[in-house]
Amino acid sequence: MEDERILLLEDELLIVRHSGEIPEIALRSTLYYLCEDPEGPQLILSNEELVALQDAALKRSREIVLRDLDPSNRDLTLYRGVRRSIYNWHRHQAFCKRIKRSGKDFHGVVGKALLAFLEQEKEDVISGNRVSCVNCTADELQYFIGVLQCDPGKLPSDWQSLCRCRV
């Protein structure tokens, strides 16, 4: 019986960890199936099991935020742009709050990724290799930079010119 429980939880961890765009929904579905569904196993999860499932959702959520700040993804169909990263970052922070976890440790990671992305984007635009793909306004980007507490001295010069969207 214990082996069956372990296998069941491992399967659900994989489902949540490799879920789609909204891992929190996958987590909610998993928790319903495991604990509440009359057709499910109706488990009572230990705190460690719940935390492991939440961690899987958090890892996936972080991947989604960072996906759109990775310059190597810019020409792929999965790329949604900086605006989507901002949106997913807010979603991630709200999820952290709902499960009573601090999202502060992720600020620095996202900030570094954003600065590196902007630097690469600026370099590629200046060299004529591409047109900017920054799909948010300078105000939206400035807000994101501020929330992440990025060092303004590390921003590329004239970063606002990368923003294709106007107010």
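A residue counts as buried here when its relative accessible area is under 20%, and as exposed when that area is over 50%. Keep those two cut-offs in mind as you click through this predicted model.

**Stop 1: Gln-54**

Select Gln-54, which you will find in helix H3. Its relative accessibility is 11%, so Gln-54 falls on the buried side of the cut-off. Now show what surrounds this side chain. Apart from neighbours within four places in sequence, Gln-54 touches Leu-27, Phe-95, Ile-99 and Arg-101. Keep Phe-95 labelled, as this residue comes back at the cavity stop, where Phe-95 is one of the lining residues.

**Stop 2: the whole chain**

Zoom out and colour by secondary structure. You should see six helices and zero strands, running α-α-α-α-α-α from the N terminus on. The C-alpha trace spans about 60 × 30 × 25 Å along its principal axes. Of the 167 residues in the chain, 44% are buried. If you draw a contact map, look away from the diagonal: among contacts with a separation of 6 or more, 67% join residues 24 or more positions apart.

**Stop 3: helix H1**

Next, select residues 2-17, which form helix H1. This helix has 16 residues and reaches 22 Å from its first C-alpha to its last, close to the 22 Å expected at 1.5 Å a residue. Which residues of H1 are buried? Pick Arg-5, Leu-8, Leu-9, Glu-12 and Val-16. Turn the view to look down the helix axis: these buried residues fall within an arc of 95°, so they line one face of H1. What do they pack against? Helix H2 (23-36) and helix H3 (47-67) are their partners. Rotate to the other side of H1, and Asp-3, Leu-7 and Leu-14 are there, exposed.

**Stop 4: the cavity**

Switch on a cavity display. Rolling a probe the size of a water molecule over the atoms reveals where empty space remains. In the whole structure, a search finds one cavity of 30 Å³ or more, and the volume of the largest cavity is about 60 Å³. To see its walls, select Glu-21, Pro-23, Glu-24, Ser-61, Ile-64, Val-65, Asn-88, Arg-91, His-92 and Phe-95. H2, H3 and helix H4 (82-98) are the elements that each give two or more residues to this lining. The largest share, four residues, comes from H4. Colour the lining by residue class and you get four nonpolar, three polar and three charged residues.

**Stop 5: Lys-104**

Move along to helix H5, residues 104-126, and click on Lys-104. Is Lys-104 buried or exposed? With a relative accessible area of 60%, Lys-104 is exposed. Then measure across to Leu-148 in your viewer: Lys-104 and Leu-148 are 44 residues apart along the chain, and their C-alpha atoms are separated by 9.1 Å.

**Stop 6: helix H6**

Finish with residues 138-147, helix H6, and highlight its buried residues Leu-141, Phe-144 and Ile-145. Around the axis they cover an arc of only 100°, which puts them on the same side of H6. Show H4 and H5 as well, since the buried residues of H6 pack against both. For a last click, choose Gln-149, which follows H6 and has a positive phi, near 60°.

Key:
Residues numbered from 1 in each chain as written. Predicted model: local features only at pLDDT ≥ 70, side-chain atom pairs only at ≥ 80, totals over all residues. Heavy atoms only, no water. Expected span 1.5 Å × (residues − 1). Buried < 20%, exposed > 50% of the residue type's maximum accessible area, 1.4 Å probe, protein only. Arc of directions from axis to C-beta. Contact = heavy atoms within 4.5 Å. 1 Å grid on protein atoms, 1.4 Å probe; cavity = no way out; pocket = protein on both sides within 12 Å on 5 of 7 lines; lining within 4 Å. Points joined across faces, edges and corners; volume = space filled by probe spheres on them. Nonpolar A, V, L, I, M, F, W, Y, C, P; charged D, E, K, R; others polar.
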